Amino acid sequence: MNVEYDPTRDVLYLWLATPGTTAASTTVVSPGVRADVDQEGTMIGLEVLGASDVLEDNVQFEVELDLPQHTTAGST
(Lines give C-alpha, C1' and ligand atoms only; values in the text may rest on other atoms or scores of the structure.)
Protein backbone atom coordinates (compact mmCIF):
# COMPACT_ATOMS: atom_id res chain seq x y z
CA MET A 1 0.00 0.00 0.00
CA ASN A 2 1.24 3.47 -0.87
CA VAL A 3 -0.29 6.85 -0.02
CA GLU A 4 0.27 9.94 -2.16
CA TYR A 5 -0.92 13.46 -1.42
CA ASP A 6 -0.76 16.46 -3.77
CA PRO A 7 -1.19 19.58 -1.62
CA THR A 8 -1.45 21.84 -4.67
CA ARG A 9 -4.52 19.98 -5.96
CA ASP A 10 -5.57 18.75 -2.46
CA VAL A 11 -5.88 15.18 -3.76
CA LEU A 12 -5.06 12.05 -1.75
CA TYR A 13 -4.52 8.72 -3.52
CA LEU A 14 -4.31 5.42 -1.70
CA TRP A 15 -2.68 2.75 -3.85
CA LEU A 16 -3.85 -0.78 -3.00
CA ALA A 17 -1.88 -2.22 -5.94
CA THR A 18 1.52 -1.38 -7.39
CA PRO A 19 1.65 2.38 -8.00
CA GLY A 20 1.09 3.07 -11.69
CA THR A 21 -1.27 0.13 -12.24
CA THR A 22 -3.76 1.11 -14.91
CA ALA A 23 -7.41 1.41 -13.91
CA ALA A 24 -10.03 -0.16 -16.17
CA SER A 25 -12.85 1.81 -14.57
CA THR A 26 -13.61 4.31 -11.82
CA THR A 27 -16.67 4.43 -9.58
CA VAL A 28 -17.81 7.24 -7.27
CA VAL A 29 -18.24 5.64 -3.84
CA SER A 30 -19.18 8.82 -1.98
CA PRO A 31 -18.97 12.56 -2.68
CA GLY A 32 -15.33 13.33 -3.43
CA VAL A 33 -14.17 9.69 -3.23
CA ARG A 34 -13.55 7.50 -6.27
CA ALA A 35 -12.51 3.85 -6.46
CA ASP A 36 -10.34 2.57 -9.31
CA VAL A 37 -10.56 -1.08 -10.36
CA ASP A 38 -8.44 -3.15 -12.74
CA GLN A 39 -9.54 -5.43 -15.62
CA GLU A 40 -10.38 -8.25 -13.15
CA GLY A 41 -12.57 -5.99 -11.01
CA THR A 42 -10.07 -5.76 -8.15
CA MET A 43 -9.90 -2.39 -6.45
CA ILE A 44 -6.45 -0.92 -7.08
CA GLY A 45 -6.85 2.47 -5.43
CA LEU A 46 -8.95 5.20 -3.86
CA GLU A 47 -8.79 8.87 -4.86
CA VAL A 48 -10.04 11.55 -2.51
CA LEU A 49 -10.72 14.90 -4.20
CA GLY A 50 -10.67 17.95 -1.91
CA ALA A 51 -9.03 15.70 0.68
CA SER A 52 -8.75 18.32 3.41
CA ASP A 53 -12.51 19.00 3.19
CA VAL A 54 -13.64 15.39 2.71
CA LEU A 55 -11.46 13.90 5.45
CA GLU A 56 -11.34 16.87 7.84
CA ASP A 57 -9.91 15.49 11.09
CA ASN A 58 -11.25 11.98 10.44
CA VAL A 59 -8.10 10.36 9.13
CA GLN A 60 -7.14 7.11 10.78
CA PHE A 61 -4.79 4.49 9.42
CA GLU A 62 -4.37 1.03 10.85
CA VAL A 63 -1.40 -0.94 9.63
CA GLU A 64 -0.46 -4.47 10.52
CA LEU A 65 3.10 -5.56 9.76
CA ASP A 66 4.31 -9.13 9.68
CA LEU A 67 8.00 -8.68 10.46
CA PRO A 68 10.48 -11.55 10.70
CA GLN A 69 11.87 -12.39 14.12
CA HIS A 70 15.22 -10.67 14.65
CA THR A 71 17.89 -12.30 16.77
CA THR A 72 21.09 -10.69 17.92
CA ALA A 73 24.30 -12.67 17.49
CA GLY A 74 25.55 -14.01 20.80
CA SER A 75 22.22 -13.63 22.63
CA THR A 76 20.49 -16.56 24.24
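1. What share of the contacts in the chain between residues at least 6 apart in sequence join residues at least 24 apart? The share is 32%, where a contact means heavy atoms within 4.5 Å. This is a predicted model, in which local features need pLDDT of at least 70 and side-chain atom pairs count only at pLDDT 80 or more, while totals for chains, interfaces and linings use all residues. Residues are numbered from 1 along each chain as its sequence is written, and side-chain values use heavy atoms, with hydrogens and water left out.

2. The chain holds one helix and five strands, and read along the sequence these follow the pattern β-β-β-β-β-α. Helices (H or I, at least four residues) and strands (E, at least two) are DSSP runs, numbered from the N terminus.

3. The five strands form an open sheet in the order S1-S2-S5-S4-S3, with antiparallel pairing; two strands are taken to pair if DSSP finds at least two bridges between them. Strand S1 (2–6) and strand S3 (25–30) are the edge strands, each pairing on one side only. From one strand to the next the twist averages 20°, with axes taken as lines fitted to C-alpha atoms and angles running from 0 to 180 degrees between N-to-C directions.

4. At one edge, S1 pairs with strand S2 (residues 11–15) in the antiparallel sense over five bridges, and Glu-4 has Tyr-13 in S2 as its bridge partner. S1 and S2 form a hairpin with four residues between them, and in this turn Asp-10 has a positive phi of about 55°.

5. At the other edge, S3 and strand S4 (residues 33–37) are also joined in the antiparallel sense, over five bridges, with Ser-25 standing opposite Val-37 in S4.

6. Turning to the surface, the accessible area of the chain comes to about 6,100 Å², and 50% of this belongs to carbon and sulfur atoms; such areas come from the Shrake-Rupley method with a 1.4 Å probe. Of the 76 residues in the chain, 21% are buried, where buried means under 20% relative accessible area, exposed over 50%, and partly exposed in between.

7. Met-1, Val-3, Leu-16 and Met-43 make a nonpolar surface patch of about 380 Å². Patches are made of residues with over 30% relative accessible area and no salt bridge (a side-chain nitrogen of Lys or Arg within 4 Å of a carboxyl oxygen of Asp or Glu), and nonpolar side chains are joined within 5 Å. Met-43 lies in strand S5 (residues 43–49) and is partly exposed, with a relative accessible area of 39%.

Technical notes. Patches are made of residues with over 30% relative accessible area and no salt bridge: like charges are joined within 9 Å, nonpolar side chains (Val, Leu, Ile, Met, Phe, Trp, Tyr) within 5 Å. Buried means under 20% relative accessible area, exposed over 50%, partly exposed in between (1.4 Å probe, protein chains only).
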